[in-house]
Amino acid sequence: MIINTGNRTDIPAYFSDWFYNRIKEGYVYARNPYYPSQVTKYKLTPDVVDCLCFCTKNPEPMIERLDELKGFGQFWFVTITPYDKDIEPNVPNKEKVMESLKKLSSVIGPEKVIWRYDPIFISEKYSLKIHLENFEKMASNLSGYTEECIISFVDLYEKTKRNFAGVREVSKEEREIIAKEFVCIGTKYNINIKTCAEGYELSKFGIDCSGCMTQAVLERAIHSNLKVPKKKGSRESCDCLLGNDIGMYNTCYHGCLYCYANYSRDIVRDNFKKHDKNSPFLIGNFMEGDIIKDALQESYIDNQITFF
């Protein structure tokens, strides 16, 4: 099975000690985000967890202890964008994040580390020209340390519009210019450009539109074939295997204006106060009325090693 840590928060950046404690203990409790009293207990052991998937804007806090994840398959997304503190208030300096990505790649291998350049939006400050210039600088820096880059365009969720006044969708013409130019840049630096859940209209420019966490991507990362049950597919708009997420909404302190996972900065601050690195829960602990069920977990690996 697949354990995902990054659809709801940034565990490597803010909760690395907690995560390593969970690995040491061999289990974690995750609350249903819509029915908090429903709690799932997941085993965190290599016999049933085929891949630990991370999505972060700052992998640095976890890198020095990666040997504690030996035995687990790993797959990392590292998001690096051109935006300043006006958009991403608490994200570290991008030069430092790029150095962290390279360090991570050197330890676990470039096939396990994908760069995310998303979400893309256009404004007076972050013009099309700025995106093209910055993307090439970043691609040049990261060449050899990652083989793929996922791009996406800003989605205007209600919470996004509320927190990010004045944001607009990227036009079709702008999308096509970005696709064409990014593919050219990616070819120059040996980085394949992909989209996820963006449709297939950009495939004519050479973009791989199959998704970011497909079965093929994960098999390549863990060097094993997977036999995934049909029901384990994720969304109609992509072929990704999103796995079981152990994160929690309203817990990421990056404060990015475009974020869909936070809807209240006050709740984020309150949740941080409730975090205990020794708790089996990311935020808080057991509560009265909790209904705890063990997840049905099994390995998807068919034990036939594949060399990519």
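Me: Which ring does Arg-116 lie over, and at what distance from the ring centre?
Reply: This is a predicted model, so take the geometry as computed. A charge counts as sitting over a ring when CZ of Arg is within 6 Å of the centre and within 35 degrees of the ring normal. Arg-116 lies over the face of Phe-77, with a distance to the ring centre of 4.8 Å.

Me: And Lys-41, which ring does its charged end sit over?
Reply: Here the charge belongs to a lysine, Lys-41. Its charged end is 4.8 Å from the centre of the ring, and that ring belongs to Tyr-27.

Me: Back to Phe-77: is its pair with Phe-75 stacked or edge-to-face?
Reply: By the ring-pair rule there are 22 aromatic pairs. In one of them, Phe-75 and Phe-77 have their centres 4.9 Å apart and their planes at 85°. Planes over 60 degrees apart count as edge-to-face, so Phe-75 and Phe-77 are edge-to-face.

Me: Are Phe-75 and Phe-77 buried or exposed?
Reply: Buried means under 20% relative accessible area. Phe-75 also belongs to the largest nonpolar core, where it is among the residues with the most contacts, along with Phe-19 and Trp-115. For Phe-75 and Phe-77 alike, the label is buried.

Me: How many residues does that largest nonpolar core have?
Reply: In soluble globular proteins, nonpolar side chains tend to be buried together. Phe-75 gives a feel for the surroundings: leaving aside neighbours within four places in sequence, its contacts include Cys-51, Phe-54, Ile-114, Met-213 and Ala-221. Apart from the largest core lies another one of 13 residues, with Val-154, Phe-164, Val-167 and Tyr-258 among them. The largest core has 77.

Me: What kind of pair do Tyr-83 and Phe-121 make?
Reply: Tyr-83 is buried and Phe-121 is too. Their ring centres are 4.5 Å apart and the planes meet at 15°, so the pair is stacked.

Me: How many residues apart in sequence are the parts that Tyr-83 and Phe-121 tie together?
Reply: Tyr-83 is in the loop between strand S5 (74-79) and helix H4 (94-108). Phe-121 is in the loop between strand S6 (113-120) and helix H5 (128-142). Both rings also belong to one aromatic cluster with Tyr-126, Phe-164 and Tyr-258. The pair therefore ties together parts whose separation in sequence is 38 residues.

Me: On to charges: which residue forms a salt bridge with Glu-60?
Reply: The structure holds 18 salt bridges. In this one, the closest N and O atoms are 2.8 Å apart. Glu-60 is in helix H3 (residues 60-63) and its partner is in helix H4, 43 residues apart. That partner is Lys-103.

Me: Is Glu-60 buried, partly exposed or exposed?
Reply: Its relative accessibility is 28%. Buried means under 20% and exposed means over 50%, so Glu-60 counts as partly exposed.

Me: What is the relative accessible area of Lys-194, which forms a salt bridge with Glu-148?
Reply: The closest N and O atoms of Lys-194 and Glu-148 are 3.8 Å apart. Their bridge links strand S8 (residues 192-195) to strand S7 (residues 148-153), 46 residues apart. Glu-148 counts as buried at 13%. Lys-194 is buried too, with a relative accessible area of 1%.

Me: Where does Glu-174 lie?
Reply: Glu-174 has a relative accessible area of 15%, so it is buried. Not counting residues up to four places away in sequence, Glu-174 touches Ile-122, Leu-128 and Arg-168. Its residence is residues 172-188, helix H7.

Key. Residues are numbered from 1 along each chain as its sequence is written. This is a predicted model: local features need pLDDT of at least 70, side-chain atom pairs count only at pLDDT 80 or more; totals for chains, interfaces and linings use all residues. Side-chain values use heavy atoms; hydrogens and water are left out. Helices (H or I, at least four residues) and strands (E, at least two) are DSSP runs, numbered from the N terminus. Buried means under 20% relative accessible area, exposed over 50%, partly exposed in between (1.4 Å probe, protein chains only). Contact means heavy atoms within 4.5 Å. A nonpolar core is a set of buried Ala, Val, Leu, Ile, Met, Phe, Trp, Tyr and Cys residues joined through side-chain atoms within 4.5 Å. Rings of Phe, Tyr and Trp (its six-membered ring) pair if their centres lie within 6.5 Å; planes under 30 degrees apart count as stacked, over 60 as edge-to-face and the rest as tilted. A salt bridge is a side-chain nitrogen of Lys or Arg within 4 Å of a carboxyl oxygen of Asp or Glu.
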